[in-house]
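Biologist: Hello! I am new to this one, so could you show it to me and explain the terms as we go?

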Amino acid sequence: MTEQFPHYIEFRHVYKTFDRPILVDVNFYVDAGETLAIIGRSGVGKSVSLAHIMGFLKPDQGNVIVSYNDVTDYSEQEMRKIRKKVTMVFQSGALFDSLTVGENILFSLELRDDYNETNKEQIVDGLLNMVDLLEYKDVYPSDLSTGYKRAVAIARALAAQPECVLYDEPTTMVDPIMSDHLGNLMLRLKKQLSLTAVVVTHDLDLMRKVADRVVFLFEGKAIFFGKTEDLEKCDHPHIKEFLAMDRVEIG
Ligand SMILES: Nc1ncnc2c1ncn2[C@@H]1O[C@H](COP(=O)(O)OP(=O)(O)OP(=O)(O)O)[C@@H](O)[C@H]1O
Ligand SMILES: [Mg+2]
């Protein structure tokens with residue numbers, strides 16, 4: 001934390017236009033150890049916001065602060081260092097079908113030279129244990145449900161020992177029981193690892209469970225940014241409508 005950058009991640013007056021304005025003067029932040037939910041209807045710029053955090057996209061105007069650094073003008077090489085600390089869990093999981101669950105995790109550790117082989121085995125087991133999947137170590141991803149694949153993807157992301165994880169719609173297309181399970185997992189990681197997180201979601205139960213703060217995007221603007229419990233008190237008509245559609249998948 002520095003005086004200049006008091007928040008772990010921060011958007012300062014971020015603008016981004018493609019064929020139409022997507023982000024217009026968007027401001028929000030996440031403090032270390034906190035979880036921020038980005039919510040809003042389909043096409044509103046939620047995934048685009050995550051891409052700005054990862055440095056895959058650059059703002060037209062404004063500043064993006066990540067890991068207490070202003071990364072707005074960072075080169076690809078500088079961004080690579082940031083991506084060691086901030087990692088993304090992709091919805092598909094991006095798992096290798098020809099490798100078992102355990103081998104998939106091991107593969108992510110191969111790139112690290114600070115562990116020996118015995119260590120790596122222990123770390124794989126530790127990571128699988130962390131996501132409650134140790135018994136699935138020798139199973140192939142194709143034999144797992146979508147929800148379990150997401151949990152493996154989370155374990156794989158954790159192999160890099162990140163400070164912060166970005167989740168894009170982690171509970172889309174999974175049943176309510178698995179959604180709840182993934183939510184509990186995210187909460188456990190937050191508590192046990194003090195992991196900072198940004199979660200894009202349509203799932204209001206998940207938002208209520210894991211998010212400390214929420215940013216609600218609507219027509220390019222962040223029409224709400226604040227504590228999760230204060231979202232419910234907000235009387236903006238679009239937010240009320242969104243909250244009324246509780247549990248309806250609109251992605
Ligand atoms: N690289 C790009 N080039 C041009 N347009 C893009 C690009 N990325 C996203 N867009 C457009 O920006 C808009 C916002 O996209 P984004 O993927 O952030 O939506 P979203 O809020 O994540 O929606 P969903 O809930 O459907 O995932 C969309 O209209 C999309 O087509
Ligand atoms: Mg999206």
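Modeller: Gladly! Let me start at the ligand: a backbone N or O atom of G43 lies 2.7 Å from an oxygen atom of ligand 1. This is a predicted model, in which local features need pLDDT of at least 70 and side-chain atom pairs count only at pLDDT 80 or more. Residues are numbered from 1 along each chain as its sequence is written, and side-chain values use heavy atoms, leaving out hydrogens and water.

Biologist: What makes the G43 pair a polar contact?

Modeller: A polar contact is a pair of N or O atoms within 3.5 Å. At 2.7 Å, the G43 pair fits that definition. A polar backbone atom of V44 is 3.1 Å from an oxygen atom of ligand 1, and for a side-chain N or O atom of E169 the value is 3.4 Å.

Biologist: Which residues come nearest to ligand 1?

Modeller: R20, S42, G43, K46 and V48 do, of the 13 residues around ligand 1; "around" asks for a heavy atom within 4 Å.

Biologist: How do you know that α5 is largely enclosed?

Modeller: Buried means under 20% relative accessible area (1.4 Å probe, protein chains only). In α5, 10 of the 13 residues are buried, so the rest of the structure largely encloses this helix. Among them are G147, R150 and L158.

Biologist: And what span should helix α5 have?

Modeller: The expected span is 1.5 Å times one less than the number of residues. For the 13 residues of α5 (residues 146–158) that gives 18 Å, and the end C-alpha atoms are 19 Å apart, which agrees.

Methods: Chains lettered and ligands numbered in written order. Helix = DSSP H or I, 4+ residues; strand = E, 2+ residues; numbered from the N terminus. Buried < 20%, exposed > 50% of the residue type's maximum accessible area, 1.4 Å probe, protein only. Polar contact = N/O pair within 3.5 Å; in protein donor to acceptor, adjacent residues only side chain to side chain.
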